[in-house]
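Biologist: I have a new structure to learn from today. Could you show it to me, and then let me ask how you reach your labels?

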Amino acid sequence: MGNDGMGQIRVLQISTVCGSGSVGRIMVDIYHTLEKNGDRALIAYGRQKAPDGIQAFRFGSGADMALHVLSTFFKGEHGFASAGQTRRLTEKIRQWDPDVIHLHNIHGFVLQVELLFAYLKEAGKPVVWTLHDCWPYTGHCAFYDYTGCGGWKSGCRSCREYRRTYPYALFKNRTESNYIRKRAAFTGVPGLTLAVPSRWLEAEVKQSFLGAYPVEVIPNGIDRGKFRPMRTGLRARLGLEDRFVVLGVANVWERRKGLAYLLWLAEKLPADCRVVLIGLSGRQKRRLPEKVLGISRTADTEELAGYYSMADVFVNATLEDNFPTTNLEALSCGTPVITFDTGGSPECLDESCGRVVPKGDKKALLEAVLLEKQEPRGQKDCLKRAEQYRKEDRFREYAELYRRLAGQGE
């Protein structure tokens, strides 16, 4: 698909990593969408390795990341180290001269955000900033829904969770000063448009110091070719032929992902049910009760799609989330979803394909699983719901946004 005679545009995306993790994969998918349109694309990233065939520029280094980690741990100042790497990035931006700059995750121990935003204010180029979490407008944390904290609305003056929430600051609580510095840096950028994947985050952003910027809601997309119903023989290999399979998936099973709720479910469900958890560390697997089958993290999307397809229901017991792609992956494999009513997690569901229960309500979660066992949602309804989250459509929205901002759209 070409760009229908319109001029070529140049788009630079910036984030922590390229190609790995949900954000890294989103960047690569946007990159390929631009290529198909006949546009130019470049990805600038801070750490790890970019996939083959991607025009990418790595501005970070392992040594610099280590220093940034130490700055966060000991000084409590995340996002305010890596000055040299940030200058490398801004020099690359000047050389490549993009028409649009698209920021993703700029936290992750790789950038000095004040220097980056000083350049953006000077350059005056159109900027898109996709907020994949809440870090940009808080004094410290990437998520606050777990604790119900609203300090970010007025200044993050007395954070009690800075040691327990990412990015972890072990020795200094600089939450209030970080908030002040971020507000000064991130506001007043001409031509900046925010993008968020959920209506929940849109509402939160509008209450923050970023609320003066225009906000576009562009949900995350899913690769319907990779995440699809599959017959793999997994049930037989895992000894689950006659079981009602409850699946949980997380990249990292930290406390906000709700591991404790899945383990509790395993104890309360009937004997003909089995909880299967994917993404566990070796230590977590060794501590599992017998009623839970634990599987390590997999980066193989076909393997993961096989697990989703095998399950009778996907349970997302997350206690705080923006717009989890795991829900979309499950639906795309024809598997219904049960989730807590937290953040943007329920937004991809309706009554035909999922159930939503109050956050943290164990009894309601158990009842929802038992009801799903008795009255299962249909695979066709799940697939129909997933169709509106085809990645081609969602990333085309970004391409159209770029063109409008570059003065070539309607």
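Modeller: Happy to! Let's begin with Arg385, which has a relative accessible area of 17%. This is a predicted model, where local features need pLDDT of at least 70 and side-chain atom pairs count only at pLDDT 80 or more, while totals for chains, interfaces and linings use all residues. Residues are numbered from 1 along each chain as its sequence is written, and side-chain values use heavy atoms, with hydrogens and water left out.

Biologist: Why is Arg385 called buried?

Modeller: Buried means under 20% relative accessible area, exposed means over 50%, and partly exposed lies in between (1.4 Å probe, protein chains only). Arg385 has 17%, so Arg385 is buried.

Biologist: And what makes Asp350 partly exposed?

Modeller: Asp350 has 31% relative accessibility, which falls between the two cut-offs, so Asp350 counts as partly exposed.

Biologist: How do you know that Asp350 and Arg385 meet in a salt bridge?

Modeller: A salt bridge is a side-chain nitrogen of Lys or Arg within 4 Å of a carboxyl oxygen of Asp or Glu. For Asp350 and Arg385 the N to O distance is 3.5 Å, so the pair qualifies. In general, side chains of opposite charge can pair when their charged atoms come close.

Biologist: How many salt bridges does a search of the whole structure find?

Modeller: The search finds 25. One of them joins Lys75 and Glu77 at 3.6 Å, N to O.

Biologist: Are Lys75 and Glu77 buried or partly exposed?

Modeller: Lys75 is partly exposed, with a relative accessible area of 43%, whereas Glu77 is buried, at 13%.

Biologist: What makes the pair of Arg256 and Glu254 a salt bridge?

Modeller: Their side chains meet at 3.0 Å, N to O, and that is within the cut-off of 4 Å. Arg256 is buried at 15%, and Glu254 is partly exposed at 27%.

Biologist: Now the empty spaces. What makes something a cavity?

Modeller: On a 1 Å grid over the protein atoms alone, a cavity is a set of points where a 1.4 Å probe fits but cannot get out, and lining residues have an atom within 4 Å of a point. Grid points are joined across faces, edges and corners, and a volume is the space filled by probe spheres set on the points. By this rule there are three cavities of 30 Å³ or more.

Biologist: What volume does the largest cavity have, and which residues line it?

Modeller: Its volume is about 50 Å³. The lining of the largest cavity includes Glu77, Trp135 and Lys182.

Conventions:
On a 1 Å grid over the protein atoms alone, a cavity is a set of points where a 1.4 Å probe fits but cannot get out, and a pocket is an open set with protein on both sides within 12 Å along at least five of seven lines; lining residues have an atom within 4 Å of a point.
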